[in-house]
Amino acid sequence: MRDTRESRLLLVLLIAIAFALITVDIRGGQDSPVDGARHAAATVFGPVENGVASAVNPVGNAIGAVRDSGARHNRIAVLQKENTELKQRLGSDDRNRSRVRELDKMLAKAGAGQYGIKGAEVIAIGAAQGFSWTVTIDIGANDGITRDMTVLNGDGLVGRVTTVGPSTATVLLANDPDFTVGTRMESSDELGFATGQGDRPLSVQLLNGKAKIKKGDRLVTFGSSKDRPFVPGVPVGEVVQVDPSGGDLTRTLYVRPFVGFTKLDLVGVVVEAPRQDPRDTVLPPKSMPTPTPTVTVTVTPSPNANTEVNGEANTGNPDPNARPDTNANANPDPNANPDPNANGQADDQE
């Protein structure tokens, strides 16, 4: 059909009639005047629709399968995400339990030494302030933290505060080569100075070169004037090596720190020093070595062995109560055959 004015008018007229029929059908409901025409059209065009549907069903099924495949893929992705979140939650629960144990241990240390502490979390490590062994904690001046405060955790001495910001602070760790702390030996009270050596044991110079020190002896902080930068009684470490004295005025020890500086998480900044020096009370009890059991072997000789042993013993030390056996000589066996050779020898001798 050519695109003319008449064709356009006809198209508009057909569209208007279609809308009018649709309006009449909707308003008529079940008594619609076009219901008969609808049934007639269904009778005529139904078989054609079925045939067309049969022809296009494989294509439709394929499209549906692709659509379902995408839905299944999305569902698998959702399940994988939920599984990952569950694993992270479980890991987080384990992590939380570990942190709770660490916090309990730190609070026990603070309680034993009567230290007033403020808990903090290590949020960064590095040499931001020019030190080689430092960490950054998430509390600062807004939390009452000032320079030269002692930092500890559930194991012992961590370090001291060196730089303070509004909400963070930098802690110089005890294993840094620029770190020095006064120490006191457990029980013997020998004084010295411990210096960090990085990932190696602390080097401790004892003031008494003739002090008797052995491996396994433990040290605590001696304390500073007005408890800055160190409060007394914080566990430092355990002696692992003792250099010979050699007649020097001082003596060098090597001490393994109680704190693992490469796995710090929760720490406590001492904001209130103890009223009295806790001395060795913050140190954990020494584990007693398990005694080695003594094995006792008891040998029970057999009856034959007793006879032989007794026979040899009686030969050298006859039993005075033993009765001699006289039957062997006094009552010879009458059935015994005499040895003719023995008799012959006796005759010749006579």
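Two strands are taken to pair where DSSP finds at least two bridges between them, and in this predicted model that criterion underlies the description of both barrels. One of these barrels is closed by six strands in the order β6-β7-β8-β11-β10-β9, with antiparallel pairing. Averaged over this sheet, and with direction ignored, neighbouring strands are turned by 45° against each other. Within the barrel, strand β6, which covers residues 180-185, runs antiparallel to strand β7, which covers residues 191-197, and the two are joined by five bridges. Along this pairing, Val 181 is placed opposite Ala 194, a residue of β7.

The other barrel is likewise described as closed and six-stranded, its strands following the order β1-β2-β5-β4-β3-β12 with antiparallel pairing. From one strand to the next, the twist averages 45°. Strand β2 is paired with strand β5 (residues 169-173) through four bridges in the antiparallel sense, and in this part of the sheet Thr 134 is found opposite Leu 172 of β5.

Side-chain charge pairing was examined next. In general, side chains of opposite charge can pair when their charged atoms come close. With a salt bridge defined by a side-chain nitrogen of Lys or Arg within 4 Å of a carboxyl oxygen of Asp or Glu, the count for the model comes to 10 salt bridges. One of them links Asp 155 to Lys 105, with the closest N and O atoms 3.0 Å apart. Because Asp 155 belongs to the loop between β3 (150-152) and β4 (157-164), whereas Lys 105 belongs to helix α2 (residues 35-113), this salt bridge ties together parts that are 50 residues apart in sequence. Both partners fall in the partly exposed class, Asp 155 with a relative accessible area of 27% and Lys 105 at 36% relative accessibility.

A further salt bridge is formed between Asp 148 and Arg 160, for which the closest N and O atoms are 3.2 Å apart. Asp 148 is located in the loop between β2 (134-137) and β3, and Arg 160 is located in strand β4, so that this pair connects parts that are 12 residues apart in sequence. The two residues fall into separate classes of accessibility, since buried means under 20% relative accessible area: Asp 148 is partly exposed at 24% relative accessibility, whereas Arg 160, with a relative accessible area of 17%, is buried.

In the salt bridge between Lys 214 and Asp 217, the side chains meet at 3.2 Å, N to O. Here Lys 214, at 54% relative accessibility, counts as exposed, while Asp 217 is buried, its relative accessible area being 13%. Elsewhere, Arg 184, Asp 189, Arg 279 and Asp 280 are joined into one network by salt bridges that share partners.

Apart from these charged pairs, a nonpolar patch was identified on the surface, made by Leu 10, Leu 13, Leu 14 and Ile 17 and amounting to about 350 Å². One of its residues, Leu 13, lies in helix α1, which covers residues 5-28. Leu 13 qualifies for the patch because patches are made of residues with over 30% relative accessible area and no salt bridge, and its relative accessibility of 48% places it in the partly exposed class.

Note on methods: Residues are numbered from 1 along each chain as its sequence is written. This is a predicted model: local features need pLDDT of at least 70, side-chain atom pairs count only at pLDDT 80 or more; totals for chains, interfaces and linings use all residues. Side-chain values use heavy atoms; hydrogens and water are left out. Buried means under 20% relative accessible area, exposed over 50%, partly exposed in between (1.4 Å probe, protein chains only). Axes are lines fitted to C-alpha atoms, for helices over the stretch in contact, and angles run from 0 to 180 degrees between N-to-C directions. Patches are made of residues with over 30% relative accessible area and no salt bridge: like charges are joined within 9 Å, nonpolar side chains (Val, Leu, Ile, Met, Phe, Trp, Tyr) within 5 Å. Accessible areas come from the Shrake-Rupley method with a 1.4 Å probe; for residues, only the protein chains shown count as cover.
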